[in-house]
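Please read these points with the coordinates open. They concern the metal sites and the residues around them.

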Amino acid sequence: MLRRSQTPSPAICHTAEEIEKMRVAGKLTAQVLKMIAPYVQAGITTGELDRICHEYIVDELQAIPAPLHYQPSPEYPPFPKSVCISLNHVICHGIPGDRVIKDGDILNIDVTVIKDGFHGDSSKMFLVGEVPLRARRVVEVAHECMVRGIQTVRPGATLGDIGHAIQSYAESQHCSVVREFCGHGIGRKFHDEPQILHYGEPGQGMQLVPGMTFTIEPMINAGKRHIKALPDGWTIVTKDHSPSAQWEHTILVTDTGYEVLTQLPGDPI
Ligand code: MF3
Ligand code: CO
Ligand code: CO
């Protein structure tokens with residue numbers, strides 16, 4: 001989500017009933033990413049991948065694809081598709097269309113579903129055929145960044161602790177963290193408070209409290225962190241055209257740590 005300047009707001013905690021609904025929405029989101037995996041192959045277009053996800057979400061899951069017609073603020077045109085697909089040097093918010101997937105591509109598919117009024121939001125990277133080393137590497141580093149961010153989550157930890165875990169690992173691997181976009185609180189709203197920055201200082205910012213739900217979704221570039229927005233009003237690319245990778249999960253703060261709401265039992269995060 002596009003980072004805004006903001007004054008800190010109190011933590012939003014969910015009731016047990018709301019958390020149960022978040023678990024359902026999270027599970028459906030994970031099912032979409034699992035369903036689409038075998039279709040992600042050279043020769044298919046991003047538009048076809050979107051259509052398959054759309055039909056699965058609406059017909060099989062009886063859920064709503066949150067991105068379709070989504071408009072975070074009046075400056076944005078409504079998002080025209082049901083999932084975001086971001087290839088190679090696209091950082092996030094890629095719009096599915098006629099682009100044919102090729103051998104050597106890396107792509108992020110970002111799925112958000114609404115079920116019974118609650119959102120689940122998750123994305124993962126797919127590697128197609130023989131991927132160049134630099135792209136493979138940024139995919140791995142971004143995944144490890146997400147994992148380290150998630151493993152920081154427990155009551156009393158701060159938002160700065162999460163950001164620091166991500167930033168320090170990314171930079172130790174000579175990659176950079178995109179700063180203009182961040183994770184977000186999630187629940188009845190798609191993008192809620194607080195903002196979850198993927199960089200920061202230990203001990204800074206809001207303390208985590210059981211019942212909070214938010215995403216961790218680091219966008220990591222193989223080159224410099226700077227971004228460029230394309231004229232379609234959505235697509236964000238690396239300014240230096242270096243490959244970029246992102247992974248995302250929706251997380252619940254529990255009494256002892258965290259629960260990954262968008263993970264299926266037995267699957268890796
Ligand atoms: N799913 C994205 C996120 O993780 C937001 C996409 S907004 C959309 O926050 F409209 F492009 F779908
Ligand atoms: Co998100
Ligand atoms: Co997302």
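1. Donors here are N, O and S atoms within 2.8 Å of the metal (3.2 Å for Na, K and Ca); water is not among the atoms, so sites may look incomplete. The cobalt ion (ligand 3) has as its protein donors Asp110 (OD), Asp110 (OD), Asp121 (OD) and Glu248 (OE), at 2.0 to 2.4 Å.

2. On provenance: this is a predicted model, in which local features need pLDDT of at least 70 and side-chain atom pairs count only at pLDDT 80 or more, while totals for chains, interfaces and linings use all residues. Residues are numbered from 1 along each chain as its sequence is written, chains are lettered from A and ligands numbered from 1 in the order in which they are written, and side-chain values use heavy atoms, with hydrogens and water left out.

3. The donor residues of the cobalt ion (ligand 3) have the sequence spacing D-x10-D-x126-E. Aspartate 110 belongs to strand S4 (residues 106–115) and aspartate 121 to strand S5 (residues 118–127), eleven residues apart; strands (E, at least two residues) are DSSP runs, numbered from the N terminus. Both aspartates, 110 and 121, are buried, that is, under 20% relative accessible area (1.4 Å probe, protein chains only).

4. The cobalt ion (ligand 2) is held by Asp121 (OD), His184 (NE2), Glu217 (OE) and Glu248 (OE), at 2.0 to 2.2 Å. Along the chain these donors are spaced D-x62-H-x32-E-x30-E. Histidine 184 is in strand S7 (residues 183–185) and glutamate 217 in the loop between S9 and S10, so this pair ties together parts 33 residues apart in sequence.

5. Which residue coordinates both ions? Aspartate 121 does, and the cobalt ion (ligand 2) and the cobalt ion (ligand 3) are 3.3 Å apart.

6. The arrangement around the cobalt ion (ligand 2) is irregular because its six donor atoms subtend angles of 51 to 162°. Six donors count as octahedral if opposite donors are over 155 degrees apart and all others between 65 and 115.

7. Glutamate 217 follows strand S9 (213–216) and precedes strand S10 (219–221), in the loop between them. With 4% relative accessibility, glutamate 217 counts as buried; histidine 184, at 2%, is buried as well. The side chain of glutamate 217 makes polar contacts with those of histidine 184 (2.9 Å) and threonine 215 (2.9 Å). A polar contact is a pair of N or O atoms within 3.5 Å; within protein, one must be able to donate a hydrogen and the other to accept it, and residues adjacent in sequence count only if both atoms are side-chain atoms.

Technical notes. Helix = DSSP H or I, 4+ residues; strand = E, 2+ residues; numbered from the N terminus. Buried < 20%, exposed > 50% of the residue type's maximum accessible area, 1.4 Å probe, protein only. Tetrahedral: all angles 85-135°; square planar, octahedral: opposite > 155°, others 65-115°.
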